[in-house]
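Visitor: I am new to this protein and would like to be shown around it step by step. Could you take my questions one at a time and explain how each answer is reached?

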Amino acid sequence: MRSFPENASMYDAVLLNISDSTVRTAISFYGRKYSFEKVLSVIDTLADNLAAEYSLKKGDTVTLCMPNSPAALYCFYAANKLGVAVNLVHPFIPPEKLRESVRRTGSKLVLVYDLYKCGRADFGVPALVSDSSSYMGAAARIYYKLTNRRTAFGPSFEKLLRARGNPRLPAANWRAGEPAVYLASGGTTGEPKIIAHDNLVFNRLCAKAEEFLSEPLEAYSALYNVLPIFHGFGLCINMHMCAMMRRTNIMCIKFDPKMSAKQIVRERANILTGVPTMYLKLLGEKAFTEADLSCLKDVYVGGDSVPQQLIDDFNLCLERGGSTARMYVGYGLTETVTVCLVNTRAHYRENSIGYPLSGTRVRVVKDGKDVPAGEVGEIWLDSDQFMLGYLGEEHSPFEEQGGVRWLKTGDYGRLDEDGFLYFKQRIKNMIKVSGVPVYPSEIEAAALRVEGVRKACAVGIPDAVKGQVVRLFVQPAAGADRAALEEALLAACRRTLIAYAVPKEIRFEDRLPVNLIGKIDRKALEERP
């Protein structure tokens, strides 16, 4: 793999063509394909037009409120070429929250998509609207327009993609340490923050691909991209790695199990990335479970709690489909862009959340001291993927010791003697019953082992005597006897958990709420009366 200068922008890294790939298609989007030559030409044209019409220049910021689409990719790299930072926000964020994010980042321009529910909202700066269907093949475009109602109105973004004869601007010179990307995060304490990253950490993480992929780079041609770009993994590994390594980015604007199953198989995706809910739904689709899956080489899953049963079931599905791939769990934070530990074919331990990538070290700390292997404490990281900091805030989650900056993650875990990390619980999700720490992940793991349980989420609710007690939300399998299931759940919890962790109340829900990247929405359940 070729090296690149530390001050290289993400746009520069894409041009360097690190892998010397012969793959021609950069983007596959619902029946339409775009070559790398076409994509790079459009990015250059867009950069020229953004500079000419909106006076964007080095040091400015733009905000993207977009799902996965060619428009989002074009705008991201065009801004990066100009030296403009990109603020990425959730495409379902309320308009007033979007306006606040625009203000906090000092954005000069906003790009939203056609289904963003804002009407003709005023964000205090110019706003462009992208027509997602304009990038699709004919059949998909018709279906999209018939099944969706446009809710955002304003000047067309697509007009800026037309060449107007003006000269191509040179790429801006970035320095290490200059903010290139802003990502929203709950921080290490659960409080909303905006995290700033420079170009280097994205390029550096993508250059580690050979550490976590199971086969040599030349064996891969396409990745199925369902994780949204406002998510560190979706932005870095799915979008930037595909562009930088010259592999096809099969973009999915919204996960639909049946459609996604067909896309994965038809387009011969080699890599899947996602969250547990996505994989559970794929296991319910015959278009996936009965298909030829020999194209798949690696499957990655992230989340607070990944049931071992899901991993086993998905691996069995892969094996039956003729794939050598296995599902691997990883761990990371937005403060480290995304994954910094991951299970791989070379480094694997069942039930662990991974082995450190190069440039990352892990400690487990309790009361300011490292604990022996096997003991639980707070996870501390030292990594070459660290953020620049929290935008506009003095609070720092770092602890400097001996000239090394350690990130106090706010997560509990343990290390084994070989350096594999095992996740226990996010501290901000921990429940204290009569002052005793209780870990929702352990309760959920016990519940998920009970036959008839599809999903589970444990939360703390106020109690006048004990401070908090456990309420367990359960999504049962279709047709399950709920009374019998409740007895089985309580028996399993009493058998495997400390008394404080046994649920005081079990609630059955036909469907547990999930957020836009498919994780159970714990906060929504905590707010239930």
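Guide: Let us begin with one strand, bearing in mind that this is a predicted model. Strand 27, which covers residues 505–508, has an uncovered face made of Glu505 and Arg507, while its covered face is made of Ile506 and Phe508.

Visitor: Which strand is joined to strand 27, and by how many bridges?

Guide: The partner is strand 26, residues 467–476, and the two run parallel. Within this pairing, Phe473 has Arg507 of strand 27 as its bridge partner. The number of bridges that join strand 26 to strand 27 is four.

Visitor: What is the handedness of the crossover from strand 26 to strand 27?

Guide: After strand 26 the chain passes through helix 14, residues 482–496, before it enters strand 27. This path is a β-α-β crossover, and its hand is right-handed.

Visitor: Are the faces of strand 12 covered or uncovered?

Guide: On one side of strand 12, residues 298–301, lie Asp298 and Tyr300, and on the other lie Val299 and Val301. These four residues are all buried, so with a cut-off of under 20% relative accessible area both faces of the strand count as covered.

Visitor: Which strands pair with strand 12?

Guide: Strand 11, residues 271–274, pairs with strand 12 in the parallel sense over four bridges, and Gly274 stands opposite Val301 there. Strand 12 is also joined by three bridges to a strand that runs parallel to it, at residues 327–332, where Tyr300 stands opposite Tyr328. The partners are therefore strand 11 and strand 13.

Visitor: How many aromatic pairs are counted, and which residue pairs with Phe212?

Guide: The count for the protein comes to eleven aromatic pairs. In one of them, the ring of Phe212 meets its partner edge-to-face, at 6.2 Å centre to centre and with 85 degrees between the planes. Because Phe212 lies in helix 7, residues 209–212, and its partner in strand 12, the pair ties together parts that are 88 residues apart in sequence. Both residues are buried, and the partner of Phe212 is Tyr300.

Visitor: Is Tyr348 buried or partly exposed?

Guide: Tyr348 forms an edge-to-face pair with Tyr328, at 6.1 Å centre to centre and 65 degrees between the planes. Since Tyr328 lies in strand 13 and Tyr348 in the loop between strand 14 and strand 15, this pair ties together parts that are 20 residues apart in sequence. Tyr328, at 4% relative accessibility, counts as buried, whereas Tyr348, at 33%, counts as partly exposed.

Visitor: Which residues do the ring pairs link into a cluster?

Guide: One ring pair is that of Phe212 with Tyr300, and another is that of Tyr328 with Tyr348. Ring pairs link these residues into a cluster, whose members are Phe212, Tyr300, Tyr328 and Tyr348.

Visitor: Stepping back to the whole protein, what is its radius of gyration, and why does it agree with a compact globule?

Guide: The secondary structure comes to 15 helices and 27 strands, and the C-alpha trace spans about 75 × 55 × 50 Å along its principal axes. Because a compact globule of 529 residues would have a radius of gyration near 24 Å, the protein agrees with that expectation at 23 Å.

Visitor: What percentage of the residues count as buried?

Guide: The accessible surface comes to about 22,400 Å², and 50% of that belongs to carbon and sulfur atoms. Of the 529 residues of the protein, the share that counts as buried is 57%.

How values were computed. Residues numbered from 1 in each chain as written. Predicted model: local features only at pLDDT ≥ 70, side-chain atom pairs only at ≥ 80, totals over all residues. Heavy atoms only, no water. Buried < 20%, exposed > 50% of the residue type's maximum accessible area, 1.4 Å probe, protein only. Pairing = 2+ DSSP bridges. Right-handed = clockwise from strand over helix to strand, strands pointing away. Rg over C-alpha atoms; globule rule 2.2 N^0.38 Å. Areas by Shrake-Rupley, 256 points an atom, 1.4 Å probe, with all protein chains shown as cover. Phe/Tyr/Trp six-rings, centres within 6.5 Å; stacked < 30°, edge-to-face > 60°.
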